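Let's take a walk through this structure together, one piece at a time. Have a look at the picture, then read on.

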Amino acid sequence: MATLKTLIVDDEPGIRSGINRILRNFSVGYPFMDEDFDFDAIDAATGEEAIEILNSQQIDIVLLDNKLPGMDGIDVLEYINKKQMDLAVMMITSYASLELAIKATNNGAYNFVPKPFTPDELRSSIENIAKHLFLKRMTRRMQEEGKQIRFQFLSVLSHELKSPLNAVEGYLKMMQERQVGDKLDDYEKMIDRSLVRIKGMRSLIMDLLDLTKLESGKKQKELKKIDLNDVAKMAIDTMEPYAIQRNVKVNFDPVEDATLTADVEEMEIIFNNLISNAIKYNKDGGQVNVFLKPDDLNISIRVEDTGIGMSEEELSNIFQEFVRIKNQKTRQITGSGLGLSIVKKLTEEYGGDIHVKSKPDVGSTFTVILPGTLTNKPKQS
Amino acid sequence: MNSEMKKILLVDDDMDYLFVTKSTIKNMGFEVVTAEGQKEAEEKIKEFRPDLAILDLMMENEDSGFILSYKLKKKYPDVPVIIATSVTAETGYTFDLSAPGEKQWIKADMYMDKGIRKDQLQREIRKLLKL
């Protein structure tokens, strides 16, 4: 149970104790809230006293009479507004003139409750204001979190984009200054590494484009019946030069009835990423096995490798953006760190699931399970 | 340079940046010990005390450089630390060392943009080493 601190500002002791009594046994709950709210009441007889309390503790709701002995309720409201306090104000007033109503609303009062009021009237007003406050705070928190995530993404992205630039620039400067002499041969390693980094940067940009398309939701899915056998074969063909270079054998046996209604380009992204990872993180002379397994409801795509594998700790966040396994065995392997997060996003768009099993030095198995029919397609009844 | 070369610990998870920067700093007349990450660096400082450390910020984690700096300062309070980063300009991240709260735990002596010019880098290193 969460408690909302409620400040009652009224010069009539009878009203204050009345409200106190009503709030004491009152709680508010909504289906979408994790917990109910109850109320803890604090009294103030004057506006000056109210301001003192507002400055010394966190108040959530203010029930504010306008006609007070010293400063008016509307002045207290103005003060709250100027200080941008995170709370909700409800005016209690016996003669609600239109002028006052407009002034108070302009200054951020949430509602009015006319005096005299019945306990039920007060309760229903309080219920509304508590809900309003909850939603206001929730909205703000979500905005802040959204900003935070975006900011973090940008800072990591700028790091990933600048690193290869810094590396290539550094090598070029070393060459410009002839740091290891005048023979071009002596710079061969630097040239090779520069080219590797440029290639890495290019693949990062390509992955980033894929990801942006996915996230903006702009890309129109071209849904067609496709045979995943074909997609798998195409991906294996694309990766073949790389597999030969790494001395890795890729095995695949087509199966019957591996058709799926999907966007062929997106399926290619899934296969390409999984198979290229399986080759990249393999050992010399290793194997990659690609399996398709349709059943009544789903089609699963399984890609096994006999590679370097991952520890529990490394496994824990590999689907996150820019997460790459960094250790002695992977230091020569380039990648954007976006591939698996793209695969996961795509899989989820199709209402599917992705799993991974891995053992260090033995290998990893990634399984993508896609529902036989798209979940976002209207279900046939 | 005198016979006792100052030892600089250089930590970065980018092997190319590490190679290039090591060569640059060596040419300035310093001895350079490298590590490719926070963990490796922690092992290295068990064995020796650097005269100065240049640490990358984002390595195993986004704040590896800060953590390493903290650990290094705990062991060798007098060793100056430079944190190298490439993220300041784009993101508006500021690492204002004047903020006392931050200075208390981050404990770096200087922040350096990775695109820094060689002569600037040399000047900063010499200043921190009081040469």
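## A walk through two chains

Let's start with a pair of strands: strand β4 (residues 81-85) of chain B and β5(B) run alongside each other in the parallel sense, joined over 4 bridges. Strands pair here if DSSP finds at least two bridges between them. Within β5(B), Asp113(B) is the residue that stands opposite Thr85(B). Names like these come from DSSP runs numbered from the N terminus: helices are H or I runs of at least four residues, and strands are E runs of at least two.

Before going further, some housekeeping: this is a predicted model, where local features need pLDDT of at least 70 and side-chain atom pairs count only at pLDDT 80 or more, while totals for chains, interfaces and linings use all residues. Residues are numbered from 1 along each chain as its sequence is written, and chains are lettered from A and ligands numbered from 1 in the order in which they are written.

Back to chain B. Its β4 and β5 belong to an open sheet of 5 strands in the order β2-β1-β3-β4-β5, with parallel pairing. At the edges stand β2 (31-35) and β5 (110-113) of chain B, each with a single partner strand, so one side of each has no neighbour in the sheet. On average, neighbouring strands of this sheet are turned by 20 degrees against each other, direction ignored. For angles and axes, lines are fitted to C-alpha atoms (for helices, over the stretch in contact), and angles run from 0 to 180 degrees between N-to-C directions.

Chain B also has helices that meet. The axes of α2 (residues 38-47) and α3 (residues 64-75) of chain B come within 10 Å and cross at roughly 10 degrees. That makes α2(B) roughly parallel to α3(B), a label for angles under 35 degrees (over 145 is roughly antiparallel, 65 to 115 roughly perpendicular, and the rest oblique). Among the residues making the contact are Ala41(B) and Ile45(B) of α2(B) and Ile67(B), Leu68(B) and Leu72(B) of α3(B). Contact here asks for C-beta atoms, placed from the backbone, that lie within 7 Å. By class, the contact of α2(B) with α3(B) has 5 nonpolar, 2 polar and 3 charged residues. Nonpolar covers Ala, Val, Leu, Ile, Met, Phe, Trp, Tyr, Cys and Pro, charged covers Asp, Glu, Lys and Arg, and the others, Gly among them, are polar.

Where do the two chains touch? The contact draws 19 residues from chain B and 17 residues from chain A. On the chain B side, α1 (15-27) and α4 (88-91) each supply at least two residues, and α1(B) gives the most, with 6 residues. One residue to pick out is Val20(B), whose place is in helix α1 of chain B. Val20(B) touches Ala167(A), Gly170(A), Tyr171(A) and Met174(A), leaving aside residues up to four places away in sequence. Val20(B) is also buried, with 24 other C-beta atoms within 10 Å. The cut-off for buried is 20 or more such atoms; 12 or fewer is exposed, and in between is partly exposed, with C-beta atoms placed from the backbone.

Now for chain A, which has 10 helices and 13 strands. Of its 381 residues, 31% count as buried. In strand β5 (residues 88-93) of chain A, 6 of the 6 residues are buried, so the strand is largely enclosed by the rest of the structure. Ala88(A), Met90(A) and Ile92(A) lie on one face of β5(A), with Val89(A), Met91(A) and Thr93(A) on the other. Strand β4 (residues 61-65) of chain A pairs with β5(A) in the parallel sense over 5 bridges, and Leu63(A) has Met90(A) as its bridge partner there.

Further along, chain A has an open sheet of 5 strands in the order β8-β10-β11-β13-β12, with mixed pairing. Here β10(A) and β11(A) pair in the antiparallel sense over 7 bridges, and Lys293(A) stands opposite Ser300(A) in β11(A). Helix α8(A) packs on the sheet, touching β8, β10, β11 and β13 of chain A.

That helix leads us to the largest nonpolar core, which has 37 residues; α8(A) provides the largest share, 8 residues. A nonpolar core is a set of buried Ala, Val, Leu, Ile, Met, Phe, Trp, Tyr and Cys residues joined through C-beta atoms within 7 Å.

How values were computed:
Contact = placed C-beta atoms within 7 Å.
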